[in-house]
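Subject: Handing over the structure

Hello,

Here is the structure I promised to pass on to you. Please have a look at it first, and then read my notes below.

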Amino acid sequence: MGVFTFEDEINSPVAPATLYKALVTDADNVIPKALDSFKSVENVEGNGGPGTIKKITFLEADVNEWIDGETKFVLHKIESIDEANLGYSYSVVGGAALPDTAEKITFDSKLVAGPNGGSAGKLTVKYETKGDAEPNQDELKTGKAKADALFKAIEAYLLAHPDYN
């Protein structure tokens with residue numbers, strides 16, 4: 001098994017506590033409201049704490065095709081929740097977001113105060129491959145683009161709903 005680690009940072013005008021609530025503690029409700037393509041978020045194992053496995057069902061459509069798209073899912077396993085320090089860790093353990101070459105992909109995130117009352121998000125991604133496989137660079141770029149789009153959609157939802165809290 002190979003382990004590859006990547007780091008990223010992102011800034012947001014949304015306050016850390018509000019962004020954390022939307023991304024972590026209230027994500028099951030916020031994500032389907034922020035993105036029409038997300039159809040449902042359900043616990044398939046556990047009670048919402050560490051060890052919980054969530055099934056996120058979404059519609060994936062190719063913008064160049066004249067079809068409605070295909071319903072897919074991803075399985076997220078919650079590794080840790082640190083509300084006091086606005087930290088969250090989860091792993092993709094199955095479904096459409098887990099390439100055949102990956103055993104799992106773990107995301108460790110932490111929100112801190114950013115400029116002008118906003119947030120700075122720090123993300124470490126640990127990509128664990130099967131055997132001696134290496135991550136596919138195109139899949140990594142696509143995954144990052146989708147994660148960034150999800151973050152920006154939630155941010156846009158929060159900015160459009162200033163009463164959310």
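Let me start with a charge and a ring: Lys55 lies over the face of Phe73, at 4.9 Å from the ring centre. A charge counts as sitting over a ring if NZ of Lys or CZ of Arg is within 6 Å of the ring centre and within 35 degrees of the ring normal. Lys21 is placed over the face of Tyr164 in a similar way, 5.0 Å from the ring centre.

Before going further, please note that this is a predicted model, in which local features need pLDDT of at least 70 and side-chain atom pairs count only at pLDDT 80 or more, while totals for chains, interfaces and linings use all residues. Residues are numbered from 1 along each chain as its sequence is written, and side-chain values use heavy atoms, with hydrogens and water left out.

Next, the aromatic rings. Searching the whole structure gives three aromatic pairs. In one of them, the ring centres of Tyr88 and Tyr90 are 5.8 Å apart and the planes are at 35 degrees, so this pair is tilted. Here rings of Phe, Tyr and Trp (its six-membered ring) pair if their centres lie within 6.5 Å; planes under 30 degrees apart count as stacked, over 60 as edge-to-face and the rest as tilted. Tyr88, Tyr90 and Phe107 make up one aromatic cluster. Tyr88 is buried at 12% relative accessibility, and Tyr90 is buried at 18% (buried means under 20% relative accessible area, exposed over 50%, partly exposed in between, with a 1.4 Å probe and protein chains only).

Now the strands. Helices (H or I, at least four residues) and strands (E, at least two) are DSSP runs, numbered from the N terminus. Strand 5 (residues 87–95) and strand 6 (residues 102–113) pair in the antiparallel sense over six bridges, where pairing requires that DSSP finds at least two bridges between two strands. One of the bridges links Gly87 to Lys110 in strand 6, and the two strands form a hairpin with six residues between them. Strand 6 also runs antiparallel to strand 7 (residues 119–129), joined by eleven bridges; among the partners are Asp108 and Thr124. This second hairpin has five residues between its strands.

Two loop residues have an unusual sign of phi. Most residues other than glycine have a negative phi. Leu86, in the loop between strand 4 (70–82) and strand 5, has a positive phi of about 55 degrees although it is not a glycine. Asn116, in the loop between strand 6 and strand 7, also has a positive phi, near 55 degrees. Leu86 is buried, with a relative accessible area of 18%, whereas Asn116 is exposed at 81%.

Finally, helix 3 and a residue it meets. The 24 residues of helix 3 (residues 137–160) should span 34 Å (1.5 Å times one less than the number of residues), and the end C-alpha atoms are 34 Å apart, which agrees. Its buried residues include Phe151 and Glu155, and the buried residues pack against strand 1 (3–12), helix 1 (16–25) and helix 2 (27–34). Ser12, in strand 1, is buried at 6% relative accessibility. Phe151 and Glu155 are among the residues that Ser12 touches, not counting residues up to four places away in sequence; contact means heavy atoms within 4.5 Å.

Best wishes
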